[in-house]
Amino acid sequence: METEKKKLFSAVQPSGAVTIGNYIGAIRNFVGLQGEYDCIYAVADLHAITVKQEPAALRRNTLELMALFIACGIDPEKCVLFVQSHVPAHCELTWVLNTITYPGELSRMTQFKDKSAKHADNVNMGLMDYPVLMVSDILLYQAALVPIGADQKQHLELTRDLAVRFNNRYGQTFTVPEPFIPAGSGARVMSLADPSKKMSKSDENPNGFITMSDDKDTIVRKCKRAVTDSGSEVRAAADKPGVTNLMTIYGAFTGKSFEETEREFAGKGYGDFKLAVGEAVADALAPIQAEKARLLKDKAYLDGVMKRGEESARRIAARTLSKVYRKVGFYRGE
Ligand code: AQP
């Protein structure tokens, strides 16, 4: 499935139950890009183990994320959909790129600093090397575009730096990718418990996030408990981060702008608004949840999708890796 279209790569980690933050900021946008680009999407399990994962949960989350991708509308016939650890080239290229990466470049990464603070008992080399693995994910597929959130900007800068560094040292090998903000995306969903923090699937406080599998009662309860601001007016403003975050979520699931939401809830209090947010999220997730449950009952189908994705990904990745190995001087036979 290779065409002249530009290649685009993105991935999500199976590091917990996927949240509506991952959906709004990433997965939802992946769907609309399938026609225009050659899309390559991965379940990033190699990345996930940079923080402690319970093995059975990791296996389960990998399958669930694959089902969720498809239930959200990612079509395995139109894009390459695979599990990162099924394609050994990701680790192989990481090793080579490690030899042109400097420790200072990795130790100053914001995500490394944040995750080191959060997982102080497990500051491992993989956590530090995470960005080089991400660079490899992107460069292996010669991706021209990488849809990223603001939090991933530094990693994309490193990708560009390492691609240029390698190309300069060994000759033209890698496409230097551009960051890409798909239309309608860019929304950053914040924690419901603390709107100064991004919503994260690994948050210890389950009231901070809504997962894509939460049932209606749970979603409504979490929205009702969401931290809001002083006052009672439903209005987006810098000094109202809690309400603004709920308005972002409401808009993502109903298509309503901030102005429309402000008009809809003029004269009503936070209570009515929070209930409406909870119901809108639950109603939008219901068909996705039903489709995901159906897919999870058909493991043979999901295994088949993963196998086909693996084969396509391996084919593209092998070409790049073989070029890299030749360029660095590994003997490949006469
Ligand atoms: N809160 C968010 N708002 C908007 N977009 C988000 N993304 C993550 N959280 C939000 C986007 O989701 C994609 C996949 O993310 P990931 O699973 O690879 O890792 P992450 O960004 O570290 O996501 P989490 O949920 O915070 O995972 P943990 O807790 O395991 O670290 C990315 O495109 C990201 O921008």
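These are my notebook entries on the cores, one helix pair and one loop residue of this structure.

**Entry 1, ground rules.** I am working with a predicted model, in which local features need pLDDT of at least 70, side-chain atom pairs count only at pLDDT 80 or more, and totals for chains, interfaces and linings use all residues. Residues are numbered from 1 along each chain as its sequence is written, and side-chain values use heavy atoms, with hydrogens and water left out.

**Entry 2, cores.** I looked up the largest nonpolar core, which has 61 residues; such a core is a set of buried Ala, Val, Leu, Ile, Met, Phe, Trp, Tyr and Cys residues joined through side-chain atoms within 4.5 Å, where buried means under 20% relative accessible area with a 1.4 Å probe, protein chains only. Helix α12 (residues 270-296) gives the largest share of this core, 11 residues. Because domain 1 (7-186 + 299-328) and domain 2 (206-293) both give residues to this core, it lies between them; the domain bounds come from an automatic or database assignment. I also noted a second, separate core of 40 residues, which includes Ala42 and Leu127.

**Entry 3, a helix pair.** I then checked helix α3 (residues 55-71) and helix α13 (residues 299-328), whose axes come within 11 Å and cross at roughly 85°. That makes α3 roughly perpendicular to α13, a term for angles of 65 to 115 degrees. The contact (heavy atoms within 4.5 Å) involves Leu63 and Met66 of α3 and Tyr301 and Leu302 of α13, among others.

**Entry 4, a loop residue.** I found Gln142 in the loop between α7 (125-140) and β4 (145-147), and Gln142 has a positive phi of about 55° although it is not a glycine. Most residues other than glycine have a negative phi.

Terms used:
Buried < 20%, exposed > 50% of the residue type's maximum accessible area, 1.4 Å probe, protein only. Helix = DSSP H or I, 4+ residues; strand = E, 2+ residues; numbered from the N terminus. Axes fitted to C-alpha atoms, helices over the stretch in contact; angles between N-to-C directions. Parallel < 35°, antiparallel > 145°, perpendicular 65-115°, else oblique.
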